[in-house]
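Dear colleague,

I am handing over the structure we spoke about, and it is placed just below so that you can keep it open while you read. My notes on what was found in it follow after that.

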2 protein chains.
Amino acid sequence: MYVKILGAAAGGGFPQWNCACDNCARFRAGNFRGKARTQSQVAVSSDGRLWFLLNASPDLRVQIEATPELHPRRGLRDTPIAGVILTSAEVDHVAGLLHLREFQPFRIYATPSVREILTRDNSLFKMLERNTPQAVWTDIQPGCCFAPASAEGKVQELRCEPIRVAGDFPHYVSPERRAALPDDAAVLGLAINNTQGACMIYMPGMPQVKEFLPRFHDCDLLLADGTFWTDDELQRVGASSKTAREIGHLPISGKDGSLSQLAEVRRPRKMFVHINNTNPILDEGSEAHAAVRNAGWELAEDGWECRL
Amino acid sequence: MYVKILGAAAGGGFPQWNCACDNCARFRAGNFRGKARTQSQVAVSSDGRLWFLLNASPDLRVQIEATPELHPRRGLRDTPIAGVILTSAEVDHVAGLLHLREFQPFRIYATPSVREILTRDNSLFKMLERNTPQAVWTDIQPGCCFAPASAEGKVQELRCEPIRVAGDFPHYVSPERRAALPDDAAVLGLAINNTQGACMIYMPGMPQVKEFLPRFHDCDLLLADGTFWTDDELQRVGASSKTAREIGHLPISGKDGSLSQLAEVRRPRKMFVHINNTNPILDEGSEAHAAVRNAGWELAEDGWECRL
């Protein structure tokens with residue numbers, strides 16, 4: 001199984017367009033030790049030829065161009081991207097579907113609620129319905145495994161299990177609309193296995209970890225929510241009145257943070273993804289960065305890849 | 001008046017994610033004489049401090065990061081971007097509004113129909129309504145001039161006139177929805193003057209030119225539709241069954257193309273914008289490129305700027 005990280009930042013990316021927090025300001029001034037990151041995007045493949053995107057980042061166009069494996073190979077219009085697996089309807093997970101207009105067939109896996117939010121409440125996505133086939137939507141459910149397939153039905157030798165994660169539908173979904181949605185699976189994690197038994201887990205939103213520990217202990221690669229360092233991180237920069245936990249992200253630090261709670265998870269390669277621009281771990285000279293690295297964690301970077 | 005071109009390509013950009021036309025294939029192979037271009041985006045300012053975006057490109061996040069004038073200047077959250085002026089509801093003109101989420105106040109100028117398409121038919125844009133003020137929508141009409149102002153009412157010393165251009169609403173707007181829209185101004189051009197009388201015209205979609213000739217003769221900078229070289233360009237690459245004219249773009253070449261029809265327009269600096277990835281003028285070694293340059297036209301490039 002091939003895994004590529006095309007974007008390692010949370011919503012807004014790093015730096016973020018309207019942010020002058022310590023990280024963003026120093027990055028733009030050229031005195032920051034650390035890398036820019038585009039918004040969260042992962043791609044997986046069993047054979048290195050047909051690829052599935054995990055979510056669709058608002059930065060997807062530049063991410064595809066930066067990734068030769070995802071370039072067209074033959075004919076006038078072509079793509080190795082067979083489909084997209086959505087873990088939520090958050091803007092930073094779905095806006096990139098609009099980059100994939102242009103009459104190209106591909107499959108989209110989503111829960112019925114996420115599909116309805118996009119296709120019924122947002123006419124823009126009709127741009128994915130101009131060809132037959134173009135976007136082929138396939139419903140998924142927490143706990144129900146599937147083998148990702150292209151729009152034409154070409155099946156990958158992968159087994160994908162959507163994992164229910166506590167969390168709400170995005171802010172843009174009204175209370176009335178929420179009440180009418182067909183299911184309450186607003187946020188998913190994904191466990192992806194290949195036929196040789198290698199397993200990766202992708203969990204860009206992770207409000208707690210306890211129930212997932214047995215899975216984490218058994219996997220080979222854990223791409224875990226690294227959005228915030230502290231629970232009050234957005235409050236400190238004046239960007240929100242909400243805590244990290246309140247918006248579905250367990251902070252990394254603190255006695256009940258992810259670093260502490262996952263200290264005993266030793267088998268997998270552990271990597272933080274979906275890192276917010278305000279997170280001090282982005283600064284490679286920071287104590288936070290050193291703490292994460294010393295605890296055996298890696299920080300996802302755009303362009304990172306591995307083979308399981 | 002300051003004018004910056006942040007993106008010079010049509011929808012899809014150059015190269016385009018799923019395109020292996022002669023231009024895109026050679027560009028990726030490294031044997032193309034010509035530059036990559038992101039999707040169409042222009043920014044204007046009367047003072048170089050407060051900026052208005054003309055449309056909101058799907059590539060807006062990377063375009064802002066590539067443009068120091070548009071970076072935050074003070075405080076934790078800040079932007080010199082005061083607003084966005086929309087010329088249509090096409091995806092490549094509006095998707096970038098989603099990059100501008102993050103609780104930031106700014107003004108959006110649009111016709112009532114374009115505003116309704118975005119705010120009533122696409123719940124995603126509720127992400128721009130989380131603060132008060134955040135997105136402040138202001139209706140515009142063809143022929144009715146306005147002075148662009150920030151969300152807080154700080155007025156720029158510019159005068160902007162929306163120009164009615166023939167054209168349809170985007171494909172994603174259903175026939176029933178079209179029938180119920182408050183106006184039929186689907187496509188606009190913009191004429192922008194400063195107090196010293198300098199004038200630029202921005203017309204990324206231009207199905208014909210005759211009625212605009214008097215304006216073109218009088219302006220100082222003409223940013224004109226350079227989408228296609230020939231009328232059958234999309235048909236030739238198998239990307240569409242429609243001609244350039246049928247989708248609102250007068251081709252450049254031919255006896256009634258824009259090059260010929262605008263040959264006598266001598267006063268303004270003339271520049272083609274919104275250039276499609278299939279257009280041979282992108283190839284600086286091509287006859288098409290030479291023809292355009294010899295006729296006194298420039299090709300817009302990402303990062304180009306001028307002062308009028």
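Please bear in mind throughout that this is a predicted model.

I begin with chain A as a whole. Its secondary structure amounts to nine helices and 13 strands, and its C-alpha atoms occupy a box of roughly 55 × 45 × 40 Å along the principal axes. The radius of gyration of chain A is 19 Å, which agrees with the value near 19 Å that a compact globule of 308 residues would have. Of those 308 residues, 63% count as buried, and when one looks at contacts in chain A between residues at least 6 apart in sequence, 67% of them join residues at least 24 apart. The accessible surface of chain A is about 11,100 Å², with 48% of it belonging to carbon and sulfur atoms. As for charge, chain A has 34 positive and 37 negative charges, and the mean positions of the two sets lie 3 Å apart.

Next comes a helix that you may wish to look at on screen. Helix α4 of chain A, residues 112-121, is mostly covered, since seven of its ten residues are buried; these are P112(A), S113(A), V114(A), E116(A), I117(A), L118(A) and D121(A). The cover over these buried residues includes α3 (91-94), β5 (106-110), β6 (135-139) and α5 (175-180) of chain A, and also α4 (112-121) of chain B.

A single residue in a strand of chain A is also worth describing. V44(A) sits in strand β2, residues 41-45, and counts as buried because its relative accessible area is 1%, where the cut-off is under 20%. Leaving aside neighbours within four places in sequence, V44(A) is in contact with Y2(A), V3(A), L50(A), W51(A), F52(A), L54(A), L158(A), I192(A) and M200(A). By contrast with these contacts, the C-alpha atom of F103(A), 59 residues away along the chain, is separated from that of V44(A) by 23 Å.

Finally, in chain B, S286(B) lies in the loop between β11 (269-273) and α9 (287-294). With a relative accessible area of 14%, S286(B) is likewise below the 20% cut-off and is therefore buried. A polar atom of the S286(B) side chain lies 2.9 Å from the backbone nitrogen of H289(B), and, with neighbours within four places in sequence left aside, S286(B) is in contact with P280(B) and I281(B).

With best wishes

Technical notes
Residues are numbered from 1 along each chain as its sequence is written. Chains are lettered from A and ligands numbered from 1 in the order in which they are written. This is a predicted model: local features need pLDDT of at least 70, side-chain atom pairs count only at pLDDT 80 or more; totals for chains, interfaces and linings use all residues. Side-chain values use heavy atoms; hydrogens and water are left out. Helices (H or I, at least four residues) and strands (E, at least two) are DSSP runs, numbered from the N terminus. Buried means under 20% relative accessible area, exposed over 50%, partly exposed in between (1.4 Å probe, protein chains only). A polar contact is a pair of N or O atoms within 3.5 Å; within protein, one must be able to donate a hydrogen and the other to accept it, and residues adjacent in sequence count only if both atoms are side-chain atoms. Contact means heavy atoms within 4.5 Å. The radius of gyration is taken over C-alpha atoms; the globule rule is 2.2 Å times the number of residues to the power 0.38. Accessible areas come from the Shrake-Rupley method with a 1.4 Å probe; for residues, only the protein chains shown count as cover. Lys and Arg count as positive and Asp and Glu as negative; His and the chain ends are not counted. The place of a charge is taken as NZ of Lys, CZ of Arg, CG of Asp or CD of Glu.
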